[in-house]
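Hi everyone, thanks for having me. Today I'd like to talk about salt bridges, so let's put the structure up on the screen.

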Amino acid sequence: MSEEIKKFKITIDGQTTEVLPGTSILEAARQIGGKSVPPAMCYYKPLETSGGRCRTCLVEVSKGSEADPRPMPKLVASCRTGVMDGMEVKNLSSEKTQEARKAVTEFLLINHPLDCPVCDQAGECHLQDLGYEHGVEQTRTEFERRTFEPEDIGPYIKLHMNRCILCARCVLAANQLTEEREHGILFRGDHAEISTYLNKALENDFIGNVIDVCPVGALTDKTSRFASRVWFTKPMNAHCQCEKCSGKAVLWMKGDEVIRVTARKDQYDEIEEWICNECRFERKDLKYWTIEGPRHIDRHSVISLNHYEKPKDMISLLDNANAKELSPKDEQESQKDAESNFNLM
């Protein structure tokens, strides 16, 4: 019989869990769940060698391990740091971590334009979430922002290099899904950019997945550009008969119209199963699909608003201490009063 592997005990923001050796702090935090999970702009579990680039997942290790309880002298990237037995980590409870995350967000926004009102990624953008939570009103840089013209890098994909944060997810996805990758990070330092080799088009059967792995609006779907804001659409689980992939996808619908098709993602916005270009770009008609039902968006997002009922055990946070939450009956009476007042005008 094989020997049982001893698990490591780790405490994050006062919550303890046990994980297998070799687990990263970020994955251990995800096992605990809740607000103690650090954000991640470059780490993507399905992609090999991802992480370690954006530094948004920095955490403070206040106790290294039971064997060596000394704290680590600097903040560490939780996606690249392995768990040790007895380790204690601070994320939300660390002022250093929050200050560093604010600084990283400011750095990422140095060249990233705040064009959320016209960006297709608005409403499901990780950088937008960080910007609202940690962003500052004005930039402190004295240099002009890098600017690029939008570029077609294939029949279905539009590249907005202005928005790119060089997380390299799209490059790693292409490495993993295609035999001959035709795009990558060119140049170095502040001249680095994502581009194709000699203006080649990205035409692999699974290359559309680079759109889903992009955490910002740098890579967008040309077949659904400016078709609708994401919060006006309803995500529906659906499947089809496909010889190339599993055929399991999410249809973003407006009425009976399919606005766009994406892969199914978990609560951390990571793809569960890759889908092919045919399912993503060419099957925009309901006749190809079998609808399974509404897709629940686990990640806190504007997408979830108005689509699902509020959980019964959800605690309502009211800004006004003297205010009270209206019951469904009170809301109906308020609506009737508003309608009668409108009719009197």
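Before we start, please keep in mind that this is a predicted model. How many salt bridges does the count come to? It comes to 17, and I'll walk you through three of them, starting with K45.

K45 pairs with E27, and their closest N and O atoms are 3.7 Å apart. Now, where do these two sit? K45 is in the loop between α1 (25-32) and β3 (58-63), while E27 belongs to helix α1, so this salt bridge ties together parts that are 18 residues apart in sequence. Are the two partners buried or exposed? K45 is exposed, at 54% relative accessibility, whereas E27 is buried, at 17%.

Next, have a look at R140 and E106. Their side chains form a salt bridge at 2.8 Å, N to O. This one links distant parts of the chain, 34 residues apart: R140 comes from the loop between α3 (126-134) and β6 (151-152), and E106 from helix α2 (residues 95-108). R140 is exposed, with 69% relative accessible area, and E106 is buried, at 15%.

My third pair is E292 with R264, whose closest N and O atoms are 3.0 Å apart. E292 is in strand β14 (residues 290-294) and R264 in the loop between β13 (257-262) and α6 (277-282), so parts 28 residues apart in sequence are tied together. Here E292 is partly exposed, at 43%, and R264 is buried, at 12%.

Finally, back to E27 and K45: through shared partners, salt bridges join them with R30 and E270 into one network. Thanks for listening!

How values were computed: Residues numbered from 1 in each chain as written. Predicted model: local features only at pLDDT ≥ 70, side-chain atom pairs only at ≥ 80, totals over all residues. Heavy atoms only, no water. Salt bridge = Lys/Arg side-chain N within 4 Å of Asp/Glu carboxyl O. Helix = DSSP H or I, 4+ residues; strand = E, 2+ residues; numbered from the N terminus. Buried < 20%, exposed > 50% of the residue type's maximum accessible area, 1.4 Å probe, protein only.
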